[in-house]
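Welcome, and thanks for taking a look at this one with us. Please have the sequence and the 3D view open side by side as you read.

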Amino acid sequence: MSDSKHVVGTTDLNHIEAPVTWRAYLICGFASFGGILFGYDSGYISGVLGMDYVKREMGNAVSTDVDPSGFILASWQKSLITSILSAGTFFGALLGGEISERIGRRTTIMISCLIYSIGVAVQTGSINVGGLVAGRLIAGFGVGGVSATVILYVSEISPRKVRGLLVSGYQWAITIGLLVSSGVDQGTKDRDDRSSYRIPIAIQFIWAFILSAGLFVLPESPRYYVKRDRLESALKSLERVRGQKATTPGIQAELAEIKANYEYERQIASNSWLDCFRGGFAPRSNLRRVIAGTSLQMFQQWTGINFIFYYGTTFFQQVGISNAFLMSVIMNVVNVATTPASFYMIERFGRRTLLLWGAVIMCVCEFIVAIVGVADTSGHAANICLIVFTCFYIAGFATTWGPAAWVVIGEIYPLPIRAKGVALATASNWLWNCVIAVITPYIVDKDRGNLGVKVFFVWGSALFLCYVFVYFFIPETKGLSLEQVDKMLEETTPRTSAKWKPSDTFAQTMGMANNDKEDSAHQEKV
Ligand code: BGC
């Protein structure tokens, strides 16, 4: 190892990856479009459940004092229709982790789109609550598979210097999906026939079609091929995602490094689900990485973001803000408009920095909303404060925890367990998403826990824990190749990781080339 350090200088370490063309960036970024399915599917249902036609056709008659339309859906019906998606996504994400190891990332995403479309067809055709529930469960499997596998795929094919940016594109697509769904719901909510809910539901076919058609022509992840020992295919795929000839030294070096890293990791552990939980608590152990990824996604949900997106309208009504619907549109617009700032920030300041600062900024905003809300009994100042600081809070989330939580889970796992690690973390996102969606009305609503605006104390306190968690567990991964991240975790701790610089490669560690002679030998072999 020390001999090879003499052979390979810093320049070589900087060139373990081929330069990238614009076309290659577009290829890598396209799959991020998958975030639309996630955002739209989470977003459209609240509007549909509030539509008069849906309440009349699928709900029960009540007096107009209870609901001006004279009909309501029972709480259990609303809760079941909303949360059943998360049950599907939870298992869909885990299944995606398994299947993408067997048949590839790309095919798994396309199959997930097909399952999603079947679920959409069932929902579109449904005329009662049972049909909607069944359709959302099936669609959930598809969304879960897409959400876990897209992160894996984009992280694996992206060039290291813009990986954060391209995965943040996924978050942006989620926010666009949320916004579009609320716009479509608004556009059809006053229709007095089945088209009121069928249009917003059926629009989902478009997202599934675009994503699967695009992936049909995109290459498979080279890292998947290396894992299957198909080096020829891995080389061809690298050629396409980097837009460079296979003979380019950068392409050769990148492939050598992926392969060497895989061999190295395989000496330590294999790739079963059990291996995800092995290795004790050492900084680079699989168990520790799985805990880091699943907890990061859990904490992302505990920032309270979906309280605004799922219950914002009713909450704003509850505290007496007159145009509650407009408010939730504004929140969605802030979310979409501010997310792109993260494209720059995540590569400039790094993941860890964004997560730490994001926790501080959101924590301050939430405590301000809660304190002013409790102190101002007239409600006027409190409501202005609520609106302004909720906007800052959303912008804080959109530029930090929103994208960074996804970026980090695509980077911290070693290749043998990467698909499963990303799947576990994504499943954790959906699990906590569901738990929080189910419990929030019980702690906030007037006839229940009646926390009202004090709920922001809960989210603010959770953000304090988010900070502590990131400080101790989340390393800085900016600018490193996925294989360098693995080395970094071996040689440093999360707190010192930002200063870590690579001093050798896995190809050197494994004695697999890196001087000219060995390079060309390797070239022949491939
Ligand atoms: C979260 C979602 C949330 C969305 C809001 C995502 O990163 O995982 O739960 O609804 O951001 O933009």
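Here is a short briefing on the chain as a whole and on the surroundings of its ligand. Please keep in mind that this is a predicted model. The chain holds 26 helices and 2 strands, and the ligand sits in the largest cavity.

**Overall build**
- With a radius of gyration of 24 Å, close to the 24 Å that the globule rule gives for 526 residues, the chain is as compact as a globular protein of that length.
- Measured out along the principal axes, the box filled by the C-alpha atoms is roughly 85 × 50 × 40 Å.

**Closest contacts to the ligand**
- There are 15 residues around the ligand, and those that come nearest are Gln171, Gln300, Gln301, Asn306 and Asn429.
- Gln300 places a polar side-chain atom 2.8 Å from an oxygen atom of the ligand.
- For Asn306, a polar side-chain atom lies 2.6 Å from a ligand oxygen atom.
- Asn429 also has a polar side-chain atom by a ligand oxygen atom, at 3.0 Å.
- The ligand taken alone exposes 310 Å², and the protein buries 100% of that.

**Where the shell comes from**
- Two or more residues of the shell around the ligand are given by each of helix H9 (163-188), helix H15 (286-302), helix H16 (305-318), helix H21 (401-409) and helix H22 (418-444).
- H9 supplies the largest share of that shell, with 4 residues.

**Character of the shell**
- What kinds of residues make up the shell around the ligand? They divide into 6 nonpolar and 9 polar residues, with no charged ones.

Definitions and conventions
Residues numbered from 1 in each chain as written. Predicted model: local features only at pLDDT ≥ 70, side-chain atom pairs only at ≥ 80, totals over all residues. Heavy atoms only, no water. Near = heavy atom within 4 Å. Polar contact = N/O pair within 3.5 Å; in protein donor to acceptor, adjacent residues only side chain to side chain. Areas by Shrake-Rupley, 256 points an atom, 1.4 Å probe, with all protein chains shown as cover. 1 Å grid on protein atoms, 1.4 Å probe; cavity = no way out; pocket = protein on both sides within 12 Å on 5 of 7 lines; lining within 4 Å. Sits in = over half its atoms within 2 Å of the grid points. Nonpolar A, V, L, I, M, F, W, Y, C, P; charged D, E, K, R; others polar. Rg over C-alpha atoms; globule rule 2.2 N^0.38 Å.
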